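Please brief me on this structure. I am a first-year student, and short points grouped by topic would suit me well.

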Amino acid sequence: MRGLILGFALNSHSQRITPRQMALSRFFSHKAAVISCLILLILTLFVILAPFTARYGVNQSVQLPPNSFLTPRANAWLGTDDIGRDLYSRLIYGVRVSLMIGLVSAIVSVTIGALVGAVAGFRGGRFDDIVMRITDLFLAFPFLVTLLIVRNVLGAISWIKPLTGEMNSVRFIIILFSIFGWMSVARIVRGQVLSLKEREFIEAARAVGASRRFIIRQHLIPNSIGPIMVSLTFSVVGAITGESTLAFFGYGPQAGEGATSLGILVGAAKGAVQTGYWWLAVFPCLTLVVISLSINFIGDALRDATDTQLDRGA
Amino acid sequence: MFRFILRRVAWSIPTLLIVTFLVYVALRVGTDPVESYKRSNARLTPEKIRQYIDSNGLDPNYVLGYFRWLKNFLTGDWPRSIKGSREVWPALKDAMANTLRLGIAATVVGVIFGLILGLVAVLRPGGRRDVLINSGAFLGISIPPYISAVLLQLLFAVYWQRWFGTSLFPTSGVYPAGHTGFDLFLMLKYMALPTIVVAIQIVATYSRYLRSSMLDVLNSDYMRTARSKGISERRILINHGMRNALIPIVTVAAIDFGAIVGGLIITENIFSYPGMGLYFLKSFGDGDFPLLMPWMVIIVLSILIFNLIADISYAWLDPRIRLE
């Protein structure tokens, strides 16, 4: 980091480095984040190319007749589950579904959250009060409690059924996480906007008669892009671990015929403990930890990279 | 200060009412209490159903029903649970005691270790220890509690038994089945694994809190002044640094603790630890409205109370902050 700051100081004389380049170079100096990016890249490739990288189908058993609970071996690298399916292949297919859940619900919730947060922070007043009260309320409750109750309420309202689908569908889970995810994003963006609002360039824009919409779109959102990106990464992690949590308690998605999810696999780990089939517990859990650790590292590096006031020792 | 507290307390009453009303509606829409009553009790007379609706305030009109429920709740006339027709308060009280025991143990262990690690890390920012502790904290945050719980159970209970003949820690409950009376040693043994699982998260969070809070403090002017006065580095860190760095942490800790009362749902579930979280999951699964509502009231109350404590302690510890 010290070398980087020095490099920045040198570069600033030549005046050719843009803030974006600066942020990028800061990001790439964060070793853990770069490694995390690589890991995620490889993982994504594996997952996208699932038909080639997986050795068996999702519900295909390794041997015929099916032989359950095989320990890791040559024809089933990570062992098999209770009905003889290859854990390695199932993990690939499962991560595929989970990554999709994470990405889609994060994008939806960040979009909503950024807009609501920007408007709330900028307008202030009644709207701001109400939004912040609601988010306070939701975030104060134990996460799982709210999640389960909102899930049931959503499932019980019949007229939104065409939109949400069945309660254990992947679509339902995505909508559920989007309803939750926007709140923490909105608070972060609101905080950023509140501090930006007092800055000179916003005042200048207002002085020349820029409309509210213009200021939010042209100044506030672009200047909050750092925190928004950071909360995007944390939303992805939140949704992926959230899906696993729900699945762990038996409220998770049924990924449909011929599919699985990381949550389902992690959920199965609970049953594998007492019987001592360690591979069923260790590998899915490890995958989840690696994914969430990688994304967390990237989020951390993004925060360091985009925080312009950064002069923290490390 | 006194007026501030008074005003906040006065405000929290309408908040409590509004939130419990929302919860009431959400539970009625989400769990359909009458249906679940019929589901868990065969051969109900219409008379009994009417009585159930009456005592729980399950009026078709939500507002009216809510006030009926509130009246019964405040007068201590709590309906019995739909499953087994148990008294609600004793069950709730036991759950609360168990959760508080686990929560306090984990918080104390976690905060102490977290603060020590955070302090060690911040002594030389960017040093090897700092990197090590920081990465460890990252790992701790990235591991969801159910994963650490499953892995710990696998190691200390199942495989320990295979390797050494006896498991190191039991994996469920507070006492072995059939045990009566109080036994501290046994209790601690049963609490060990759940406490570790909860404490991992707390250690990770608090070491990071302290680190970033200390870094903010270390760069401030009064630290430089203290140094220039020639006070020993150690005293500067503890007396000037720690004291100021702890201010924001105290408030966070108060809010966190308020959340713990809501049960360490995931951990309690995995270890079958009979606390508030397990209480919720069970009664929610049954759609047991008479059990759920008092639980919700306790949760909302604890959130409000601990938020108030956080605000007050913040103002009290840091005279630079003025309330009003």
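**A bare helix in chain B**

Helix α9 of chain B, residues 221-228, is hardly covered. Of its eight residues, the number that are buried is zero. This is a predicted model, and the values below are computed from it.

- Gly230(B) comes just after α9(B). The phi of Gly230(B) is positive, at about 85°.

**Two helices that cross in chain B**

- Helix α5 of chain B covers residues 88-123, and helix α12 of chain B covers residues 276-286.
- The axes of these two helices come within 7 Å. They cross at roughly 135°.
- The class runs from 115 to 145 degrees here, between roughly perpendicular and roughly antiparallel, so α5(B) is oblique to α12(B).
- On the α5(B) side, the contact is made by Ala91(B), Ala95(B), Met96(B) and Thr99(B).
- On the α12(B) side, Met276(B), Gly277(B) and Tyr279(B) take part.
- By class, five residues of this contact are nonpolar and two are polar. None is charged.

**Two domains in chain B**

- The domain assignment splits chain B into domain 1, residues 14-76, and domain 2, residues 88-315.
- How far apart are the C-alpha centres of domain 1 and domain 2 of chain B? They lie 35 Å apart.
- The two domains touch: 14 residues of domain 1 of chain B are in contact with eleven residues of domain 2 of chain B.
- On the domain 1 side, the elements that give two or more residues are α1 (2-31) and α2 (33-40) of chain B.
- Helix α1(B) gives the most to that side, with eight residues.
- By class, that side of domain 1 of chain B has seven nonpolar, six polar and one charged residues.

**Transmembrane regions from the record**

- An unreviewed UniProt entry places "transmembrane region" features on chain B.
- The positions are residues 9-27, 102-123, 135-160, 180-204, 245-271 and 291-317.
- Which secondary structure fills residues 9-27 of chain B, helix or strand? The stretch is 100% helix and 0% strand. Its end C-alpha atoms are 26 Å apart.
- Residues 135-160 of chain B are 92% helix and 0% strand. In this stretch, the end C-alpha atoms are 28 Å apart.

**Chain A as a whole**

- How many helices does chain A have? Chain A has 14 helices, and its count of strands is zero.
- Read along the sequence, the pattern of chain A is one α after another.
- Along the principal axes, the C-alpha atoms of chain A fill a box of roughly 75 × 55 × 30 Å.
- Chain A has 314 residues, and 44% of them are buried.
- Take the contacts in chain A with a separation of 6 or more. Residues 24 or more positions apart account for 68% of them.

**Where chain A meets chain B**

- Here, 34 residues of chain A are in contact with 35 residues of chain B.
- On the chain A side, the elements that give two or more residues are α6 (125-140), α7 (143-156), α12 (225-248), α13 (262-275) and α14 (278-306) of chain A.
- Which element gives the largest share of the chain A side? That is α14(A), with nine residues.
- By class, the side of chain A that touches chain B has 23 nonpolar, nine polar and two charged residues.

Conventions. Residues numbered from 1 in each chain as written. Chains lettered and ligands numbered in written order. Predicted model: local features only at pLDDT ≥ 70, side-chain atom pairs only at ≥ 80, totals over all residues. Domains from an automatic or database assignment. Contact = placed C-beta atoms within 7 Å. Helix = DSSP H or I, 4+ residues; strand = E, 2+ residues; numbered from the N terminus. Nonpolar A, V, L, I, M, F, W, Y, C, P; charged D, E, K, R; others polar. UniProt positions renumbered as here; feature names shortened; annotations may be inferred. Buried ≥ 20, exposed ≤ 12 C-beta atoms within 10 Å, placed from the backbone. Axes fitted to C-alpha atoms, helices over the stretch in contact; angles between N-to-C directions. Parallel < 35°, antiparallel > 145°, perpendicular 65-115°, else oblique.
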